[in-house]
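This report describes selected features of one structure for a reader at the bench. Please consult the sequence and the structure shown below while reading.

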Amino acid sequence: MSMMHNVSRAVHDRVNPAVVKTMYCNCEGAVNALAINRDSSLAVVAGRNVFKIFGIEDERFEEKMNLRVGRNVNLNFSASDVTWNQNDDNILASAATNGSVVVWDINRTTKSKQDYVFTDHNRTVNRVRFHENEVNLLLSGSQDGSMKLFDVRKRTVTTTFVSGSSVRDVQFCPSVFSYFHFAAADENGNIQIWDMRQPDRVQKQITAHSGPVFSIDWHPEDRNWIGTAGRDKSIKVWDLQRNKLLYTIHTVASVMRIRWRPQRRYHIASSSLLVDFSINIWNIQRPYIPFASFEEHKDVTTDIVWKKEDPHMFYSCSKDCTLYQHVFKDAKRPADHVTPSGIDMNLDYTVSHAHGERTLSTDKHSSGKLSIFHKKPSRSDHFTQAYSTLHVHNCNKHETSLSMDWFRDSAQRYLLKGFSLDKLCEQNAQVAESQGRYQVAQSWRMLMVLYSQSLYTAPQFRTLSMGSNSSEKTDADKGKKDAQKSDHQDSGNNEITSGSDDDSDKEIIKENLSSIARGQPSTEWDILFDQDQLTYDSLGDFDKGLQELTLPNEAFVPRHEIKEHPNPLDSMPNGHDSPTSANESEGNMQNLQHSSRSNVDEEVLVTFSNDMNVPNLGFSNHVVDMLYFYAEQGDVQTPVCMLLVLGQKNRPQIDIATQENWFMSYIDLLGRFKLWTISNDVIKMSYLPQISMMNQQSTRIPLHCSTCNKVLSRVGWLCDRCKTVINTCALCHHPVKGQYLWCQGCSHGGHLQHMSDWFSSRKFCPAGCGHMCEFT
Amino acid sequence: MFVTRHIPAEHKDLIHDVSYDFHGNRMATCSSDQTVKVWDLGEDGQWNCTASWRTHSGSVWRVTWAHPEFGQVIATCSFDRTAAVWEEIIGEYGKGNQSNWVKRSSLVDSRTSVTDVKFAPKHLGLQLATCSADGTVRIYEAPDVMNLSQWSLQNDIQTKLSCSCLSWNMSRMHPPMIAVGSDDASPSGGGKVQIYEYNDKTRKWVKVETINIVTDPVHDIAFAPNLGRSYHLLAVASKDLKVISLTPLSTRDAPLAANQVNSNKFTIKRVAEFTDHESEVWRICWNVIGTVLASSGDDGCVRLWKGKPFTITSK
């Protein structure tokens, strides 16, 4: 949007002569009012301590005259308003806070230019205006509730108009429309239209604002339009013919001044009474964002005057003691900087998007140099036609890459307790697999393999082998998937798994070597495993035999030293490649020894699975890595569920704060998906005190004694203060310690059994109160 | 792939912000026409406007929902130099099934346009951050979560750059952190994104980083939901779209305590940068788990970005 505006600005502002520029001068005093003479060559500024005339040059303001001079500088020299006679360049009039209206003649030869002082008002005069055509007619509006028409030459008051309340502004109707009419604004929020010839009655009165009206301005082109502004922070445009409110602009602060922009039908300038120091030019057709704004002043802008018949220049004065000439090309365009767009995405990737529309052709590629020759829509047209469209993009259910269904599904279907670790892992792996999250499925299976506790029974072992088979299948699937869409996650998965495999291999080697150094009989595991692999197929027939096999206790005993050895299954896929040659012979010997001691091959399997029962630090590092890996991806569900499934015994060492963070995040997420039951399950299952505390809060409901209203601290049926047994049964008169049934109508009740017995045959309250209790 | 539905928003001027509530079943829009509208997702999957009211006396830049634990509460900020907190009155329905929202508080400390307002993550209680065009970031807190009309100004931070947007870090592990973006146009002004962190000891917010990667005016900024991550992802919308990762220098092997003084150093890395909008990027948002980023640009397109090698998945 900004771009197109820049282009059109260049076109639109071309009419502006290049010589004029924004300039200012310091008036050495806070300025209340400003007026310029007929040919815009001189400007007068007036304030409490300043009354000066400046010449408006091309490059700067030049001080021509200081009117605040003389022997007796009194309140008559402090002006709240000033006006320049448009027919006689030498005559000025100012309104003073003491109620005087002072006429100045700058042609006087004396030092003081004061010509005459009218003292007919008894309170502050808020506004003075010369008539546009009548050289001698001066109109004033005062706080005392009256307006007076002065004849400057005769030095008399011709007419007095009485308004209901203090007059804040008076403005003559542009003489092209009416010679005799003027408008007045008062503190009660009314605007009045007067005819000078009829001082006895007001022509028209409109209640325009709630609160004082500070400024009114007749539209320079439309005879029926008048703008009003007031303390209620609004600018309004009225059609006087039809008594109708046409436009309203709500601004941020009380409005001090409004001035229609010449030759721009819909533009009006405004300044604020407080808070906001800038001058805003509004297009009344778009009442929300200023069309242009000028932010040069550092204090409240007190008056605005447009250069005659020039929409590109205006003058302003301010409490910050400056007089400014503003040039439109230096204006700020607030609309160019607003964000034309809003976007948000909810849980299911439903994206709602609001965007500012451009109704006019704005192809930025074609609007380069050529645009000057095309008739471009004016900036103003662009400006007023701003609107936004709101679209909601619903994500298609089939778009699996953009769906949180897996999260809901997993949260609901994951088994976290109640079964053996194997069962849980297998189930969860299947859940993950059914969602196409093969990596997660694989991880669950790895956990199962790593921590399985029941490998020594053959059927379980079968399951294991099936598990690994299916995970191989998964790998194949994955490969296919990779080929299809080369999903980064899957490839990452491959990397990760293979990476960790390598790691574990290395580690095993290290372990092996160190074990050898310690002289422990350790290194046969790889080889053993090899043998397992080799023998396993052939072992298939032995299934029955294995099942029935009762294990000799001795087989376990010598294995105790090998507790800390890495799990051979870690290296399962790469078992063959393990460089174990160095200790092969020794291992073989060991193996031989073992074999000789335990005469069947199956024995080897058994010892191997026995080793699995013992928590094994060698791989818990990798499990930690894996949990972190998922957490780093933003999938907090997987590590939390894995932690829960692993349980107390197998839980890897992770910083408690991190675990808490994962749990809290997961619980938050579940809440977000409104899966409160599951979230509560997780809280319940959690082993972290910080988490499990969460549903221990606000679970206490204090009971109060029915007679003294004291909280029952000890038991629910005896009040410690009044020593009375409360909640007695209406039938047996014993205290009710269990379930208490009572009627909400008469509040009598008692033991559940007694009550149901009673009401099985009767309708009325057992206490004898006569209430017909409803027992259902 | 996406089913797009047009909603007659009937805002009379530009819409500046759209915001879903915590569960994604309600939506609020705000506009220059000084109104906010609340939309509810009906049983039939249609969005129905259930409230529309004038909130400010100037353009409303942003609207944001509080965590539902605190009630149905939204905050707005405006050109009129104020931010406001609104609460829905349950059970009072006006004509046409319109719900009733009342102003609970007006935050009037700013001297210039308030450009963004955001609620803190739930674990920090009921806190609100605002930033304004004169470069002040203010942190408010409602000491009593039951009383939404009382907000105390906890801190104000002078950023020295005109602020356009801010974002809270959602992490529970890290001390409270805010990223502030500036729309300051001068390229010489240096980094336009500043990171502030709350120091528990001094009870003050201190600047910990200026992200010098971003020197263009910033329109929007958003931390990804942290969940379990050890690093923070920050998306920045300016002339283009950037994703920046902030990794605390202490790793998980030496977990940092929340009150550790030297915890405020990060490795800052540009993770991704997209210029596909070929224009200003105005607004951005993350999905709930911080894996997908949506952006809206001056070209009128919505783009979704995903994964490590971020790719366009939708237009």
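In which sense do strand 23 of chain B and strand 24 of chain B pair, and over how many bridges? In this predicted model, strand 23 and strand 24 (residues 302–306) of chain B pair in the antiparallel sense over 5 bridges. Within this pairing, Leu293(B) stands opposite Trp305(B) in strand 24 of chain B. The two strands form a hairpin with 4 residues between them, and Gly300(B) in the turn has a positive phi of about 80°.

Strand 23 of chain B also pairs with strand 22 (residues 281–286) of chain B, in the antiparallel sense and over 5 bridges. Here Leu293(B) stands opposite Trp286(B). Strands 22 and 23 of chain B form a hairpin with 5 residues between them, and Gly290(B) in its turn has a positive phi of about 70°.

Why is strand 23 of chain B described as largely enclosed? The description applies because 6 of the 6 residues of the strand (residues 292–297) are buried. Val292(B), Ala294(B) and Ser296(B) point one way from the strand, while Leu293(B), Ser295(B) and Gly297(B) point the other way.

An unreviewed UniProt entry lists residues 8–41 and 274–306 of chain B under "repeat: WD". Residues 8–41 are 0% helix and 56% strand, with end C-alpha atoms 14 Å apart. Residues 274–306 are 0% helix and 55% strand, and their end C-alpha atoms lie 12 Å apart.

**Salt bridges**

The whole structure holds 39 salt bridges over all chains. Three of them are tabulated here.

| Pair | N to O distance | Separation in sequence |
|---|---|---|
| Asp169(A) and Arg127(A) | 2.6 Å | 42 residues |
| Lys332(A) and Glu295(A) | 3.1 Å | 37 residues |
| Glu69(B) and Lys122(B) | 3.5 Å | 53 residues |

Both Asp169(A) and Arg127(A) are buried. Lys332(A) is partly exposed at 47% relative accessibility, and Glu295(A) is partly exposed at 45%. Glu69(B) counts as exposed at 53%, whereas Lys122(B) is partly exposed at 25%. In addition, Asp17(B), Arg62(B), Asp116(B), Lys118(B) and Asp220(B) are linked in a network of salt bridges.

**Confidence**

The predictor gives the complex an ipTM of 0.90 and a pTM of 0.75. Chain B averages a pLDDT of 85, and 90% of its residues score at least 70. Over residues 252–263 of chain B, pLDDT stays under 50. Residues 309–315 of chain B likewise have a pLDDT below 50. Where pLDDT is low, predicted coordinates should not be read in detail.

Conventions: Residues numbered from 1 in each chain as written. Chains lettered and ligands numbered in written order. Predicted model: local features only at pLDDT ≥ 70, side-chain atom pairs only at ≥ 80, totals over all residues. Heavy atoms only, no water. Buried < 20%, exposed > 50% of the residue type's maximum accessible area, 1.4 Å probe, protein only. Pairing = 2+ DSSP bridges. UniProt positions renumbered as here; feature names shortened; annotations may be inferred. pLDDT = per-residue confidence, 0-100. Contact = heavy atoms within 4.5 Å. Salt bridge = Lys/Arg side-chain N within 4 Å of Asp/Glu carboxyl O.
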